Amino acid sequence: MSTDTLVAPLVEVRNLQKFFGPSAKPVRAVDDVSFSIQPGETLGLVGESGSGKSTIGRALLRLTDSTAGTITYRGEDLGAATGSRMRTLRSKLQMIFQDPYASLNPRMRVRDILGEALRVHGLAPGKEATAARIAELLRLVGLPPEHAARYPHEFSGGQRQRIGVARALSVQPEFIVADEPLSALDVSIQSQVVNLLCDLRDQLSLTMLFISHDLDVVEYLCDRVVVLYLGRVMEIAPTEELFSRPLHPYTHALLAASPKPDPTLKLVHVPLKGDMPSPVNPPTGCVFRTRCPHAIDACAQTRPEVRDMGAGRFKACIRDDIELTAMP
Ligand SMILES: Nc1ncnc2c1ncn2[C@@H]1O[C@H](COP(=O)(O)OP(=O)(O)OP(=O)(O)O)[C@@H](O)[C@H]1O
Ligand SMILES: [Mg+2]
């Protein structure tokens, strides 16, 4: 996949901020986050629960308004798009949800679920074209065409997620946000859905933001990874480099705490101290410092900027003198 910076990004997020609640004491769900996604790239978004992953995903699709910052799609400011332009853009940007059951209308047959999306965007008009397109979509996600007559409850969890994928694909999107698309599925069928996403991405040249807790899947599926903590970017790196040599203490802790850490990685497991602080009252300076085994006084003073470390790597940590992948 291309991470060539000479190619214009498909999606660019600049200084994105999303606060919830009263402006005097807001929940700082996303605070000054910047990254870009190249065409054809799959970007992973990881971080503990509450770090702001879903909020970023929703902001990218304009399912939620941002408090500040810009999101551009092919250079166009999404925040400035209104009316029919937004409807067009909506078809280019699609979401695959965590819970395929909750996101499918139980009273609609599959053909109506898929047909509705086609109709709204004026795709495949006419009965025959619609039916043909629905059959094609089902084939794409590995389901037989006769399943078009079924209702969501007649499917297994994995099949329902396939329908969720088919619905997202029905409008011929270029960019997909997949927010924990596997976490509601049985472990035994997760790999099938991962393989499906992988195949479709390659076949349809999709660009993807892949949000997940499962670092194994992120390592397998993503070209680059953004690591979030308390609404801030801690580290951005190409997947292989991130997993073999994390630069940020938080990334290190996250990898070491994963249930199946890479056996070639000699990570010293330093358990994180305490709980994640409240996003209403984030620590001064580096938000991770209260749990960081490497924090020094200076970490409390100023918020570390996300620094370019070369070779496509970025980190928000002032310490360059610590060895994170030490031999035990
Ligand atoms: N509608 C809302 N109103 C108030 N606070 C919210 C709202 N949505 C999210 N938050 C808060 O924003 C922060 C980020 O939430 P978000 O759902 O984006 O995290 P996440 O990384 O997706 O977590 P998870 O891994 O559990 O899905 C959390 O503190 C959450 O409680
Ligand atoms: Mg989430």
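These are my notebook entries on a predicted model, taken up one topic at a time.

**Entry on the two domains**

I began with the domain assignment, which gives domain 1 as residues 11-229 and domain 2 as residues 245-328. I then looked up how far apart they lie, and the centres of domain 1 and domain 2, taken over C-alpha atoms, are separated by 29 Å. Where they touch, eleven residues of domain 1 are in contact with 13 residues of domain 2. On the side of domain 1 that touches domain 2, β2, α7 (215-221) and β9 each supply at least two residues, and the largest share, three residues, comes from β2. I sorted this side by class and noted six nonpolar, one polar and four charged residues.

**Entry on the sheet of four strands**

Next I followed an open sheet in which four strands stand in the order β2-β1-β4-β5, with antiparallel pairing. The edges are held by β2 and β5 (76-77), and each has a single partner strand, so one side of each is left without a neighbour in the sheet. For the pair made by β1 (residues 11-20) and β2, I noted eight bridges in the antiparallel sense, and within this pair F19 stands opposite R28 in β2. The helix α1 packs on this sheet, where it touches β1, β2 and β4 (68-73), and its direction makes about 120° with that of β1.

I reminded myself of the general rule that strands of a sheet pair through backbone hydrogen bonds, either parallel or antiparallel.

**Entry on helix α1**

I then asked myself how many of the residues of α1 are buried. The count is seven of the eight, so α1 is largely enclosed by the rest of the structure. I wrote the buried ones down as K53, S54, T55, I56, G57, A59 and L60, and I noted that a charged residue can appear in such a list, since K53 is in it.

**Entry on two residues with positive phi**

Two residues caught my attention for their backbone angles. The phi of D32 is near 65°, which is a positive value in a residue other than glycine, and D32 has its place in strand β2. I looked up its surroundings as well, and D32 is partly exposed because 17 other C-beta atoms lie within 10 Å, whereas a buried residue would need 20 or more.

The second is R62, whose phi is near 55°, again a positive value in a residue other than glycine. R62 follows α1 and lies in the loop between α1 and β4. With 17 C-beta neighbours inside 10 Å, R62 counts as partly exposed.

**Entry on ligand 1**

Which residues come nearest to ligand 1? Of the 13 residues around ligand 1, the nearest are F20, A29, S49, S54 and T55. Both β2 (27-37) and α1 (53-60) supply at least two residues of this shell, and α1 gives the most, with three residues. By class, the shell around ligand 1 has four nonpolar residues, eight polar ones and one charged one. Two of the nearest residues, S54 and T55, had already appeared among the buried residues of α1.

**Entry on the sheet of eight strands**

The other sheet I followed is open and has eight strands in the order β6-β7-β8-β3-β9-β10-β12-β11, with mixed pairing. Its edge strands are β6 (93-96) and β11 (307-310), each of which pairs on one side only. Neighbouring strands of this sheet are turned by 20° against each other on average, with direction ignored. Helix α9 (residues 249-257) packs on the sheet, touching β3 (42-46), β9 (224-229) and β10 (232-238), and its direction makes about 100° with that of β9.

At one end of the order, β11 and β12 (residues 313-315) pair in the antiparallel sense over three bridges, and K315 in β12 is the bridge partner of R307.

**Entry on strand β3**

Is β3 mostly covered or mostly open? I found it mostly covered, with five of its five residues buried. On one side T42, G44 and V46 are buried, and on the other L43 and L45 are buried, so both faces are covered.

I also traced the partners of β3. Four bridges join it to β8 (residues 207-211), and the two run parallel; in β8, F210 is the bridge partner of G44. With β9, the pairing of β3 is again parallel over four bridges, and L43 stands opposite R224 in β9.

Terms used:
Residues are numbered from 1 along each chain as its sequence is written. Chains are lettered from A and ligands numbered from 1 in the order in which they are written. This is a predicted model: local features need pLDDT of at least 70, side-chain atom pairs count only at pLDDT 80 or more; totals for chains, interfaces and linings use all residues. A residue is near a molecule or strand if its C-beta atom, placed from the backbone, lies within 6 Å of it. Two strands pair if DSSP finds at least two bridges between them. Axes are lines fitted to C-alpha atoms, for helices over the stretch in contact, and angles run from 0 to 180 degrees between N-to-C directions. Two residues are in contact if their C-beta atoms, placed from the backbone, lie within 7 Å. Domain bounds come from an automatic or database domain assignment. A residue is buried if 20 or more other C-beta atoms lie within 10 Å of its own, exposed if 12 or fewer, and partly exposed in between; C-beta atoms are placed from the backbone.
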